[in-house]
Amino acid sequence: MTETLSIVGHERPIRVLLRAMASGRTAHAYLFWGPDGCGKERVARYAAQLLLCKDSGALKRGAPCEHCDSCAKMRGEGHPDMHLLAPGDKVISVEDVRKLQETLSFQSFERGRKIAIIRDSFRMSREGANALLKTVEEPPPETHLFLLAHHRSQLLPTLVSRCQPLRFDPLTDGEVEEVLLLKGVEADDAKVLASLSGGSAGMAMAHDMESLIKARDEADSVAKNLRVMSPAERLELSERWSKDKESLPLRLDCLERSLRRMQADDPDALDTMGRLFTVSALIERNVNLQLALDALFLLEDDGGWEELV
Ligand SMILES: [Zn+2]
């Protein structure tokens, strides 16, 4: 199975990308934004393979040849001109950005293009983002950057404005099911997991069914009842969630989806979702968890963000 065949969904951003590539107008910096685990990195890797493919017709065709040594390297141990900056749960520091810039300033190994993919680019420190701005404004020749993020508002606006943003929507349940089947999940499980995944194949693969159901039900209840809970109940919630660091990303993700479903009929849900985005971005920067969750759940007007940053 090749990468090419396993991209599921995202017809619109892929069409925009391929059209630009086919007409020789590939942007120097793209921002792919959309839910975690929906396949942004997969599409970025596909674009990288296309840009690095040695077959001169690949870009026009919108498909890599799959036979040249560049394609083989992209599928195998990695291509020396494809650089991935993946911070894990750390901040992307200005030093990380400078190191990447230095690498990109060299002649490419294969005398062709150079590609950088920055996973979770919202984890960049302000200094890091400012440093990257220079590369985005005046990229080294034949260099293309792909910044990946959950939401474009998580990045410095000056950086966003210099990238070509492409929005990725959550996958449909059917598409998640298709990804799971490709990954070898049993058909019955794939169907149920997909219905719980909220459009994220990554999420469906990272958790078992029982914890997905539990997290979804809890998030629905929090989203629905937050405004009628007593301050003591909200404090308890904040304390409980902050203590279980491992479950927090799944909990916050489920809460976002519950709020999204509610926002059409409930203006408060939209307000809570705004808080959730701010708090999620702060959590990425390693602020005190309990304080961040207090700011989310206690619903004070000023949010108390200033003390956290
Ligand atoms: Zn090729």
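**Pairing up in a predicted model**

Colleague: Which residue of β5 is the bridge partner of W33?

Modeller: In this predicted model, the partner of W33 in β5 is R167.

Colleague: Why are β1 and β5 called paired strands?

Modeller: Two strands count as paired if there are at least two bridges between them. Strand β1, residues 29–33, shares 4 bridges with β5, so the pair passes that cut-off. The sense of this pairing is parallel.

Colleague: What makes β2 and β5 edge strands?

Modeller: Each of them pairs on one side only. You can follow this in the order of the open sheet, β2-β3-β4-β1-β5, where the pairing is parallel. Here β2 covers 82–85 and β5 covers 164–167. From one strand to the next, the twist averages 20°.

Colleague: How do you know that helix α5 and β2 run in opposite directions?

Modeller: Angles are taken between N-to-C directions and go from 0 to 180 degrees. Helix α5 (residues 94–105) runs at about 180° to β2, so the two directions are opposite. This helix lies across β2, β3 (114–118) and β4 (143–149).

Colleague: What are the domains of the chain?

Modeller: The domain assignment gives domain 1 (4–167), domain 2 (172–206) and domain 3 (211–309). Between the centres of domain 1 and domain 3 there are 32 Å. Their contact takes 6 residues from domain 1 and 5 residues from domain 3.

Colleague: Where does pLDDT stay under 50?

Modeller: That happens over residues 1–5. For the chain, the mean pLDDT is 89, with 95% of residues at 70 or more.

Conventions
Residues numbered from 1 in each chain as written. Predicted model: local features only at pLDDT ≥ 70, side-chain atom pairs only at ≥ 80, totals over all residues. pLDDT = per-residue confidence, 0-100. Contact = placed C-beta atoms within 7 Å. Domains from an automatic or database assignment.
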